[in-house]
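These are my notebook entries on a structure I went through element by element. I wrote down what I looked up and what I found each time.

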Amino acid sequence: MAGGVNRKISAASARAHTRRGKQSSSKIPSGIVTAMLAVLIVGISALAYQVIQPPPPKTCGSPGGPAVTAPRIKLRDGRHLAYKEHGVPKDNAKYKIFFVHGFDSCRHDSAVANFLSPFMPILWCGGIYQEVIEDLGVYIVSYDRAGYGESDPNPNRTVKSDALDIEELADQLGVGSKFYVIGYSMGGHPIWGCLKYIPHRLAGAGLLAPVVNYWWPGFPANLSKEAYYQQLPQDQWAVRVAHYIPWLTYWWNTQKWFLPSAVIAHRMDIFSRQDVEVLSKWSPEENNYMALARQQGEYESLHRDMMVGFGTWEFDPLDLKNPFPNNEGSVHLWHGDEDRLVPVILQRYIVQRLPWIHYHELSGAGHMFPFTDGMSDTIVKAVLTGDK
């Protein structure tokens, strides 16, 4: 044909050409592979971020959040603090006490106020017993710590901020320049904060089985290690995460791969024989307080408590000075020698380093000893009078 070229193509050449065509058409450009990997990594990272991020708190009084039923004050930073009053009216009171609840608790769980005898004899004066509630006049305030119960969460919460919350609550309630503080279990770290930051406002202080931070610098390494390994393995991991990688605390205590905190799970094998007896006597109403404590979310109550309590503190309590050098007040610490949640060996070392603390070790007692018969009377008597 005019203008054409007539060529013969062998069968082998045709097959080779076909193979090259198929290979070139199925190959994915390297740029697309890189982009796909980047998308995959971003997707996995986003999913992981969502998993470790706690849900927003259900703040009391917010749309869809729990109702506000307690009296509350508004703090300088805009947060609200819920509280409950016990005893005589504060205007008639001679002694004002602030009670700080423990882990997974709320303002209703005031061992001191709830179990104090109405007419407890406390002082021998001129041959006549004077009595706490009415004759002496004791006014007790229990309150929800930040994120618990009906108190607003504090995303910037520290040991210092917890202590300053107590001071501001005292000022807004108008209790005067001096007051007493008593803290139980995890409520102990606000008391250490008070001894550090507002000792001039204290008339006396009590620590009841206070949770101890294993990473306080003043502890000998071998002692803190010994105490740390007295915990269940799952609790060792829970506090280790709270200390070293706090941003994983929510995930660690909600994931299903490993055992989370036994304390949060309320495993009964963490309690002593005495503790089990105490818990068996609690009413359904008292058990319902646990739901109230967590109602704004476990992250801002339980998990935040762990991050603050077992985090890196701004000070070492073992370096504290006696806030009452002239015996104008006293500090007391009670602990049971069968406490399976907080090792007693650490409390013994604390009072060796801080000999101005009056130490009361209770034989056969567990972590729940403040709720045993007559213990509240003993605690209040010692704190108000300085009795050893």
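**Entry 1: the enclosed strand.** I began with strand 6 of this predicted model, and found that six of its six residues are buried, so strand 6 is largely enclosed by the rest of the structure. I then asked which residues lie on each side of strand 6. On one side I noted Val138, Ile140 and Ser142, on the other Tyr139, Val141 and Tyr143, and since all of these count as buried, I recorded both faces of the strand as covered. This split fits the general rule that side chains in a regular strand alternate between the two faces of the sheet.

**Entry 2: partners of strand 6.** I next looked up how strand 6 pairs with its neighbours. With strand 3 (residues 95-100), strand 6 (residues 138-143) runs parallel, and six bridges join the two. Within this pairing I found Tyr95 opposite Val138 and Lys96 opposite Tyr139. With strand 2 the sense is antiparallel, over five bridges, and here Tyr83 stands opposite Tyr143 of strand 6.

**Entry 3: the whole sheet.** In what order do the strands of the sheet follow one another? I wrote down 1-2-6-3-7-8-9-10, an open sheet of eight strands with mixed pairing. The edges are strand 1 (72-74) and strand 10 (357-362), each of which pairs on one side only. Neighbouring strands are turned by 20 degrees against each other on average, with direction ignored.

**Entry 4: helices on the sheet.** I then looked for helices that touch these strands. Helix 5 (residues 159-173) packs on the sheet, where it touches strand 1, strand 2 (80-87), strand 3, strand 6 and strand 7 (179-184), and its direction makes about 130 degrees with that of strand 6. Helix 6 (residues 188-197) lies across strand 3, strand 7, strand 8 (202-208), strand 9 (331-336) and strand 10, and runs at about 150 degrees to strand 8.

**Entry 5: Val159 and Ser151.** Is Val159 of helix 5 buried or exposed? I entered Val159 as buried, because its relative accessible area is 2%. Leaving aside neighbours within four places in sequence, I listed its contacts as His189, Gly193, Val308, Trp313, Glu314 and Phe315. I also noted that the C-alpha atoms of Val159 and Thr312 are separated by 9.9 Å, although the two residues are 153 apart along the chain.

Ser151 sits in the loop between strand 6 and helix 5, and with a relative accessible area of 0% Ser151 is likewise buried. Beyond its neighbours within four places in sequence, Ser151 is in contact with His80, Leu81, Ala82, Asp144, Arg145, Ala146 and Gln296.

**Entry 6: salt bridges.** How many salt bridges does the model contain? The count came to 18, and I followed some of them individually.

Glu168 forms a salt bridge with Arg76, the closest N and O atoms being 3.6 Å apart. Glu168 belongs to helix 5 and Arg76 to the loop between strand 1 and strand 2, so this pair ties together parts that are 92 residues apart in sequence. I checked the accessibility of both partners: Glu168, at 8%, counts as buried, whereas Arg76, at 68%, is exposed.

Asp165 pairs with Arg79 in a salt bridge whose closest N and O atoms are 2.9 Å apart. Asp165 lies in helix 5 and Arg79 in the loop between strand 1 and strand 2, so parts 86 residues apart in sequence are tied together. Here I recorded Asp165 as buried at 5% and Arg79 as buried at 8%.

A further salt bridge joins Glu361 to Arg348, with the closest N and O atoms 2.8 Å apart. Glu361 is in strand 10 and Arg348 in helix 13 (residues 344-353), 13 residues apart. Glu361, with 33% relative accessible area, is partly exposed, and Arg348, at 34%, also counts as partly exposed. I also noted one network, in which salt bridges that share partners join Arg145, Arg157, Asp162 and Asp305.

**Entry 7: a surface patch.** Last, I looked at the surface, where Tyr244, Ile245 and Trp247 form a nonpolar patch with about 360 Å² of accessible area together. Ile245 lies in the loop between helix 8 (233-244) and helix 9 (249-252), and at 31% relative accessibility I entered Ile245 as partly exposed.

Methods: Residues numbered from 1 in each chain as written. Predicted model: local features only at pLDDT ≥ 70, side-chain atom pairs only at ≥ 80, totals over all residues. Heavy atoms only, no water. Pairing = 2+ DSSP bridges. Helix = DSSP H or I, 4+ residues; strand = E, 2+ residues; numbered from the N terminus. Axes fitted to C-alpha atoms, helices over the stretch in contact; angles between N-to-C directions. Contact = heavy atoms within 4.5 Å. Patch = residues over 30% accessible without salt bridge, like charges linked within 9 Å, V, L, I, M, F, W, Y side chains within 5 Å. Areas by Shrake-Rupley, 256 points an atom, 1.4 Å probe, with all protein chains shown as cover. Salt bridge = Lys/Arg side-chain N within 4 Å of Asp/Glu carboxyl O. Buried < 20%, exposed > 50% of the residue type's maximum accessible area, 1.4 Å probe, protein only.
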